[in-house]
Amino acid sequence: MGPGLNLPSTAGTRNLDISPIAGIGHNVQGRRDPTGNRREGGSGDALRSQTETNCSVDVPTSNNRHTDDGAQAPENEQHLPEGGRLEPTPRPRNEPNGTLNQPRRKRKQLKIALVNMNGKGDTSQDKWGSINNVMKRRRIAVLGIQETHPCNVLRENVSRRFRNTLHLAHSENPIDPSRIGGISIVVNKGLVDTKKVTHREIVPGRVMMVEIPWNDCDKLRIMNIYAPVNNAEKADFWRNLRETMEQDENLQPDVMLGDFNLVENPEIDRLSNRRGTDPRAAREALSDIIVEANLTDGWRRRHPKKRGYTYTGNGQSRLDRIYTKEDLYPWCTDWKIEHPGFRTDHSLTSVQITSENMPFIGKGRWAIPVNLLKNGPLKKKTQELAMRLQDKVNSTTLTDAAANPQTALKEFKTEIVRLFRDHQRTNQPKIENAIRRLQGELKDKGDAQHLTADEIAEDSALITERIDALEKKRRDNAKLLSTARNRLEGETMSKYWARS
């Protein structure tokens with residue numbers, strides 16, 4: 001039998017709980033007033049708010065309550081007043097709401113990602129706005145960014161603009177912060193307790209580390225790196241970083257990510273050598289850091305023979321990587337290389353990290369998307385199904401095993417799920433389907449055996465351009481909807497106004 005179905009032992013009472021269906025089913029079969037008379041529910045009662053979806057039909061007529069063994073309930077228990085409804089205890093006007101002051105429980109499952117944004121771009125691109133949107137939509141907890149060009153003006157503007165959603169830490173290039181290099185680490189305030197986040201600059205504009213709370217009492221250290229592009233500087237950079245890490249035990253990262261500007265295995269991680277071969281000394285210096293810090297390349301370990309490229313500029317290569325501790329790797333899943341959602345020549349690389357103390361959690365049950373609850377045709381159809389259920393329940397008996405209120409409610413729920421799923425499948429935005437299809441084609445191009453390197457690069461560039469155009473269109477649509485909602489609700493006393 002479906003969830004939320006209850007059949008009490010009292011023969012004359014039917015208790016139907018359809019609370020899993022949001023906003024549906026209040027007063028499905030009618031309620032009884034304190035005198036025992038049934039009150040038939042009108043059509044307006046078929047749809048109610050989520051807080052009134054529990055269809056209790058039996059209300060005690062007396063304040064004298066008894067336990068199962070017949071003894072009278074203790075005097076300090078709260079009794080139902082006449083009329084069967086408990087009124088909320090008024091709270092003093094100046095007393096703060098306790099739920100607002102309680103610390104939010106953060107997830108023990110974090111998604112960590114990195115992307116090279118290739119500069120802040122012009123005002124029409126709004127890359128930081130796209131980053132905020134991507135972190136919210138893809139539920140990214142920590143994002144390491146390279147080539148952010150974080151000058152003082154940009155840092156102030158970005159911090160003020162996203163002060164309610166993002167915690168930002170920057171490290172600028174000391175030579176020309178507004179045009180060269182620079183790195184940032186962005187923490188999602190909705191997923192991480194940012195009050196306990198600390199960050200440290202190791203090499204200005206090149207290396208920084210952030211420490212975030214993890215697993216109740218532990219800390220997770222994440223190092224963000226943007227290595228030099230010039231081959232002559234690479235070996236010295238990695239040697240100096242190794243010496244710095246050896247001198248301070250607090251610089252041992254649990255996760256090391258970034259744009260390394262070299263590959264460990266050119267045969268599989270680089271499509272062509274247009275940028276020249278990475279210096280052997282630089283690769284060996286990076287390898288020494290990886291071995292001494294006990295790190296592993298999780299994406300390559302998960303896909304030993306797969307070709308995946310994160311840089312699509314002058315030749316394709318996997319420059320952007322995420323390394324994790326060996327003991328942390330078994331708890332890392334969902335390694336991905338995907339489009340970042342805004343225009344840049346790098347892909348977004350991500351991984352999902354789960355606490356070892358966290359029990360296995362599956363995909364969960366399907367729920368009606370919140371945006372569909374306001375759909376007019378669906379609400380009307382749902383109301384018709386609810387009224388049909390009410391008629392069916394009133395005409396059935398409790399003793400009929402084939403047709404009783406519980407089987408009728410189960411059929412109602414199944415029909416509701418089918419209705420909303422069909423609508424979601426047939427009315428899914430075309431942009432989402434097109435982006436998903438193009439991303440699949442882009443992944444398949446890397447392993448295409450019948451194409452040359454130049455053909456793969458050319459086809460991948462064309463697909464990436466089409467994805468960029470679709471992502472821009474999706475961002476523009478979302479921005480238009482956000483502007484319209486702000487115009488309608490921005491100056492009204494509503495939940496939207498309180499959160500803004």
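**Helices, sheets and one ring pair**

Helix 8 and helix 9 are roughly antiparallel to each other, because their angle is over 145 degrees. On that scale, under 35 counts as roughly parallel, 65 to 115 as roughly perpendicular, and the rest as oblique.

A word on the model. It is predicted, so local features need pLDDT of at least 70 and side-chain atom pairs pLDDT 80 or more, while totals for chains, interfaces and linings use all residues. Residues are numbered from 1 along each chain as its sequence is written, and side-chain values use heavy atoms, without hydrogens and water.

Helices and strands are DSSP runs, numbered from the N terminus: H or I of at least four residues for a helix, E of at least two for a strand.

Back to our helices. Two packed helices are described by the angle between their axes and the distance between the axes. Helix 8 covers residues 376-395 and helix 9 residues 405-426; the angle is about 170° and the axes are 10 Å apart. Axes are lines fitted to C-alpha atoms, for helices over the stretch in contact, and angles run from 0 to 180 degrees between N-to-C directions. The crossing of helix 8 and helix 9 is right-handed: the near helix is turned clockwise from the far one by less than a right angle, and anticlockwise would be left-handed.

Who touches whom? Contact means heavy atoms within 4.5 Å. In helix 8 the residues include Leu 385 and Leu 389, and in helix 9 they include Phe 412 and Leu 419. By class, this contact has 12 nonpolar, 2 polar and 4 charged residues. Nonpolar covers Ala, Val, Leu, Ile, Met, Phe, Trp, Tyr, Cys and Pro; charged covers Asp, Glu, Lys and Arg; the others, Gly among them, are polar.

Next pair. Helix 4 (residues 231-247) and helix 6 (residues 280-292) have axes that come within 7 Å and cross at roughly 20°. They are therefore roughly parallel to each other. This crossing is left-handed. Trp 238 and Leu 241 are among the helix 4 residues here, and Leu 286 and Ile 289 among those of helix 6. The contact of helix 4 with helix 6 has 9 nonpolar, no polar and 6 charged residues.

Now the sheets. Two strands pair if DSSP finds at least two bridges between them. One open sheet has 6 strands in the order 9-10-11-12-14-13, with mixed pairing. Strand 9 (198-203) and strand 13 (295-297) are at the edges with a single partner strand each, so one side of each has no neighbour in the sheet. Neighbouring strands here are turned by 25° against each other on average, direction ignored. Strand 12 and strand 14 pair in the antiparallel sense over 5 bridges. Gly 258 has Arg 321 in strand 14 as its bridge partner. Helix 4 packs on this sheet and touches strand 9, strand 10 and strand 11.

Another open sheet of 6 strands runs 7-8-6-5-16-15, again with mixed pairing. Its neighbouring strands are turned by 15° on average, direction ignored. Strand 5 and strand 6 pair in the parallel sense over 5 bridges. Val 115 stands opposite Ile 145 in strand 6. Helix 2 (residues 127-137) lies across strands 6, 7, 8 and 16, at about 40° to strand 8.

Last, rings. Rings of Phe, Tyr and Trp (its six-membered ring) pair if their centres lie within 6.5 Å; planes under 30 degrees apart are stacked, over 60 edge-to-face, the rest tilted. The count comes to 4 aromatic pairs. Phe 260 and Tyr 323 have ring centres 5.4 Å apart and planes at 85°, so this pair is edge-to-face.
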